[in-house]
Amino acid sequence: MQPIKLGVIGTGLAARRLHWPALKKLSSKFKITMVCNHTEQKARSFARLVGDVPYVLDYHDLLDNPQIEAVNIILPIEFNHIVTQEALAAGKHVMVEKPLAYNLDEARKMLSFPEIYPNLVMMVAENFRYKPLLLRIAEIINEGEIGVPYSALWNNLSMVDDTNPYAKTIWRINHKYSGGFI
């Protein structure tokens, strides 16, 4: 089977530090064939990093490319809904970075996309779903070892201070999200 021809929309910190290393490991399954960023310097730099692929500054140009089979949307939260909807309407499979949406209304609309586009795959890039501890918990529950859970509590602390490069991104510093970017 040929690798899926992937377009990357958004070439910032998460694209470089999280998505690209994972995609390199999956090079037999995915081939980045075009990238997009509204900042030309970032687009060009990322295009070189991933193999000197073409880059565009408008994601519509990427979505209009019939060679692109799927897109990896790695944008600030406020763009997830519209870009995901347009990508699906263009016939592209989608992986969209978390958080899913800008607000609850947009998130609910996005949850309806699988019904609207049943022949396309849409998933949220949530790395916790693959953590060994959580996979084991799911096994225990699915095997009925502990009965039916009625509630769960998980405390997870992460340092989000000025030494964390993700905390320094403009869309997190000047967020407009109820509850902050988390």
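**Notes on the predicted model, starting from Glu97**

1. Glu97 counts as buried, since its relative accessibility is 9% and the cut-off for buried is under 20%. Keep in mind as you look around that this is a predicted model. Glu97 sits in strand β5. So what does the side chain of Glu97 meet in a polar contact? The partner is the side chain of His19, at 2.5 Å. Setting aside residues up to four places away in sequence, Glu97 also touches Ile73, Ile74, Asn80 and Ala125.

2. Asn80 is a good place to go next, as it belongs to helix α4, residues 80–89. Asn80 is buried, and in this helix so are His81, Val83, Thr84, Ala87 and Leu88. After α4 comes Gly91, which has a positive phi, near 85°.

3. Ile73, another contact of Glu97, takes us to the largest nonpolar core. This core has 24 residues, and the ones that touch the most other members are Ile9, Leu62, Val71 and Ile73. Which elements each supply at least two of its residues? They are the strands β2 (30–36), β4 (70–73) and β5 (93–97), together with the helices α3 (59–63), α4 and α5 (104–111). A second core, of 14 residues, lies apart from this one; Val8, Leu23, Phe46 and Val50 are among its members.

4. Leu62 is worth clicking on in the viewer. Leaving out neighbours within four places in sequence, Leu62 is in contact with Gly7, Val8 and Ile9, with Met34, Val35 and Cys36, and with Val56, Ile68 and Val71. Val8 in that list is a member of the 14-residue core, whereas Ile9 and Val71 belong to the 24-residue one.

5. Now for the charged pairs: the model has five salt bridges. One of them joins Arg44 to Glu40, with the closest N and O atoms 3.6 Å apart. Both residues are in helix α2 (residues 40–49), four residues apart, or about one turn of the helix. Why does that spacing suit a pair of side chains? An α-helix has 3.6 residues a turn, so residues three or four places apart point the same way. Arg44 is partly exposed at 30% relative accessible area, and Glu40 is partly exposed too, at 36%.

6. Helix α5 has a pair with this four-residue spacing, Asp105 and Lys109, about one turn of the helix apart. Their side chains meet in a salt bridge at 3.3 Å, N to O. Asp105 counts as partly exposed at 46% relative accessibility, and Lys109 does as well, at 40%.

7. In helix α7, Glu139 and Arg136 are three residues apart, which means they are separated by about one helical turn. Their salt bridge has its closest N and O atoms 3.0 Å apart. Are these two residues part of a pair or a network? A network: Arg136, Glu139 and Glu145 are linked by salt bridges. Glu139 is partly exposed, with 40% relative accessibility, and Arg136 is partly exposed at 36%.

8. Stay with helix α7, residues 132–142, for one last residue, Ile137. Is Ile137 counted as buried or partly exposed? It is partly exposed, because its relative accessible area is 37% and buried would need under 20%. Ile137 helps make a nonpolar surface patch of about 370 Å², along with Leu133, Ile141 and Ile146.

Technical notes: Residues numbered from 1 in each chain as written. Predicted model: local features only at pLDDT ≥ 70, side-chain atom pairs only at ≥ 80, totals over all residues. Heavy atoms only, no water. Patch = residues over 30% accessible without salt bridge, like charges linked within 9 Å, V, L, I, M, F, W, Y side chains within 5 Å. Areas by Shrake-Rupley, 256 points an atom, 1.4 Å probe, with all protein chains shown as cover. Salt bridge = Lys/Arg side-chain N within 4 Å of Asp/Glu carboxyl O. Buried < 20%, exposed > 50% of the residue type's maximum accessible area, 1.4 Å probe, protein only. Core = buried A, V, L, I, M, F, W, Y, C linked by side-chain atoms within 4.5 Å. Contact = heavy atoms within 4.5 Å. Polar contact = N/O pair within 3.5 Å; in protein donor to acceptor, adjacent residues only side chain to side chain.
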